Amino acid sequence: MNELIFFFNNVVVAGVVLGSIYAVGAIGVTLIFGILRFAHFAHGDMMTMGAFIAFLLAMAATALGITTPVVPTGFLVLPLAMILAAIIALGLDKGFYAPLRKRGARPVTMLIASIGVTLIIQGMIRLFFGSGTYSFFETEQKQLVRIPVPLEGVTRTINFTQPQLLMVLCTAVAVLALHFFLTRSRLGKAMRAMADNADLAQVSGINTKLVVRVTWIIAGSLAAMAGTMLALDVNLKPDLAFNIVLPIFAAAIVGGLGQSYGAIAGGFLIGFAETLAIFNWSVLLRPVAGSLPFELPATLAIVPTEYKLTVAFVILVVVLLWRPTGIFKGAST
Amino acid sequence: MALLDIKDVVGGYGGAPILNGVNLAIEQSDIGVIVGPNGAGKSTTLKAIFGLLKVTEGSISFHGEAIQNSLPDRLVPKGLSFVPQEKNVFTSMSVEENLEMGAFTRTDDFKPTMEWVYDMFPVLREKRRQPAGELSGGQRQMVAMGRALMSQPKLLLLDEPSAGLSPRYVLEIFEQIVKVNKAGVAILMVEQNARQALAFASRGFVLATGKNRFTGTGAELIADPEVAKSFLGG
């Protein structure tokens with residue numbers, strides 16, 4: 001039983017947290033692809049930038065004494081950070097992508113431009129913050145939640161941190177809000193219409209420029225949310241999300257490009273797969289070690305932790321072989 | 001004054017012009033049909049009216065107002081609506097959502113218009129929760145026309161509404177078009193089934209190489225031996 005709780009703590013908790021971060025990041029990637037038809041490579045850096053904005057706001061809030069003992073300051077300032085990130089995303093579009101779109105740039109050109117934006121954002125962050133590592137929890141404690149399991153002989157407790165719990169709640173709220181926006185609101189439906197058939201959306205008189213703006217607002221604010229969540233779970237550094245932009249793209253592709261629900265499913269699939277792959281299975285097998293035909297090594301993981309990133313690609317290859325347009329039948333181009 | 005008045009329009013997609021002086025006039029009560037050989041600029045004329053390609057010379061006026069090179073989100077509120085030939089429904093969205101998208105530019109209550117569309121195409125009411133991509137070709141054409149009617153247009157532009165439909169559906173779609181016209185919407189359509197379409201057209205236009213060759217009522221054009229010989233297959 002103790003071993004199962006260890007499994008729960010290391011796979012289920014970690015998987016849900018990582019899955020949430022991937023899902024929220026992948027929604028933005030998939031929305032931008034659906035509406036603007038290009039792979040927005042700078043999305044990871046929009047996440048990092050959002051996290052740094054939240055970090056600055058949190059420092060300012062702490063200095064001004066605006067803190068509560070209930071919620072970490074990082075979460076307190078998250079809504080404001082999301083708004084600022086959305087404004088910056090609109091600015092990035094106006095400054096870099098909109099002029100290219102106007103000239104009818106092909107998706108490849110847009111992709112290369114987004115790599116340029118990646119470098120700009122990373123450069124700006126390094127310019128102001130250096131290349132060091134920061135933590136949201138320098139002035140406050142990361143509270144640990146321990147839930148004892150009322151069973152005989154169980155000594156381990158179910159563990160997770162308070163930010164992790166809040167993260168999952170925030171993700172649930174964001175996903176629900178997005179769902180209602182896309183299925184109930186006029187603009188949300190127009191967004192789906194434009195992702196479905198951009199020419200017909202234009203012919204119907206849908207204000208496509210407005211839809212593009214809304215797309216950047218949603219993608220930018222969700223990127224800030226995902227980045228801040230990641231920074232609250234680990235640490236804040238200039239290449240925070242650049243390192244996970246590949247699994248996020250994998251999540252969006254696995255789910256079916258352009259499909260928001262697919263991105264959520266893909267995010268959790270890849271999040272869980274990664275935590276399962278680096279899990280030390282020796283711990284689970286230890287109670288039955290005596291009956292195994294081989295000696296149990298101290299660590300028995302599918303891949304070593306440093307190769308975690310490869311898992312996303314294995315899943316990507318397998319899913320694309322089985323269903324070339326992704327689980328939710330997304331765009332193929 | 002004509003509802004739609006096109007005078008000596010020249011235009012194309014940036015290279016050599018495809019339209020070389022098209023003239024065309026439609027009244028509110030008209031069903032106008034554009035026929036002609038492939039590459040004559042029939043669909044291009046509709047696209048030029050709808051601002052989807054650049055008009056370099058000539059004028060297009062709607063209700064006396066110059067509208068050449070206006071974009072669709074300006075034209076739809078003025079009372080123009082366009083049904084493209086292909087990919088004319090949002091396949092992943094329900095029939096009802098397709099109709100809602102047609103009413104995007106409206107700020108008033110569009111429910112009565114939706115009821116009016118459902119009354120005109122009762123099969124759509126039955127299938128309103130179904131994704132439009134799952135419907136048959138004829139039903140999709142109804143969704144496409146329904147979507148275009150949701151903005152309460154004065155003039156409906158149809159690009160080959162009968163393309164790809166079985167003969168039974170072709171007749172049905174033509175009947176629907178006449179019904180829409182009787183409800184007070186002017187129609188301007190491009191058709192391959194030239195003889196069939198001219199039979200109910202009040203205005204017919206024969207285009208060739210981007211220019212008008214013959215203009216008259218549908219009946220006149222069918223009766224004209226030269227039109228019949230060159231453009232209606234004898």
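Helix 11 of chain A runs over residues 260-278, and in this predicted model its end C-alpha atoms are 27 Å apart. That agrees with expectation, because 19 residues at 1.5 Å a residue should span 27 Å. Of those 19 residues, 17 are buried, so helix 11 of chain A is largely enclosed by the rest of the structure.

Chain B is divided into two parts: domain 1 covers 1-79 and 154-234, while domain 2 covers 86-152. Taken over C-alpha atoms, the centres of domain 1 and domain 2 of chain B are separated by 23 Å. Contact between these domains involves 13 residues of domain 1 of chain B and ten residues of domain 2 of chain B. On the domain 1 side, helix 2 and helix 7 (167-182) of chain B each supply at least two residues. Helix 7 of chain B gives the largest share of that side, with six residues.

Chain B also meets chain A: 21 residues of chain B are in contact with 14 residues of chain A. Helix 2 (72-78) and helix 3 (95-102) of chain B each supply at least two residues of the chain B side.

The table sets out the residue classes of the two contact sides described above.

| Side | Nonpolar | Polar | Charged |
|---|---|---|---|
| Chain B, touching chain A | ten residues | six residues | five residues |
| Domain 1 of chain B, touching domain 2 of chain B | eight residues | two residues | three residues |

Helix 2 of chain B thus appears in both accounts: it supplies at least two residues to the side that touches chain A, and at least two to the side of domain 1 that touches domain 2 of chain B.

Conventions:
Residues are numbered from 1 along each chain as its sequence is written. Chains are lettered from A and ligands numbered from 1 in the order in which they are written. This is a predicted model: local features need pLDDT of at least 70, side-chain atom pairs count only at pLDDT 80 or more; totals for chains, interfaces and linings use all residues. Two residues are in contact if their C-beta atoms, placed from the backbone, lie within 7 Å. Helices (H or I, at least four residues) and strands (E, at least two) are DSSP runs, numbered from the N terminus. Ala, Val, Leu, Ile, Met, Phe, Trp, Tyr, Cys and Pro count as nonpolar, Asp, Glu, Lys and Arg as charged, and the others, Gly among them, as polar. The expected span of a helix is 1.5 Å times one less than its number of residues. A residue is buried if 20 or more other C-beta atoms lie within 10 Å of its own, exposed if 12 or fewer, and partly exposed in between; C-beta atoms are placed from the backbone. Domain bounds come from an automatic or database domain assignment.
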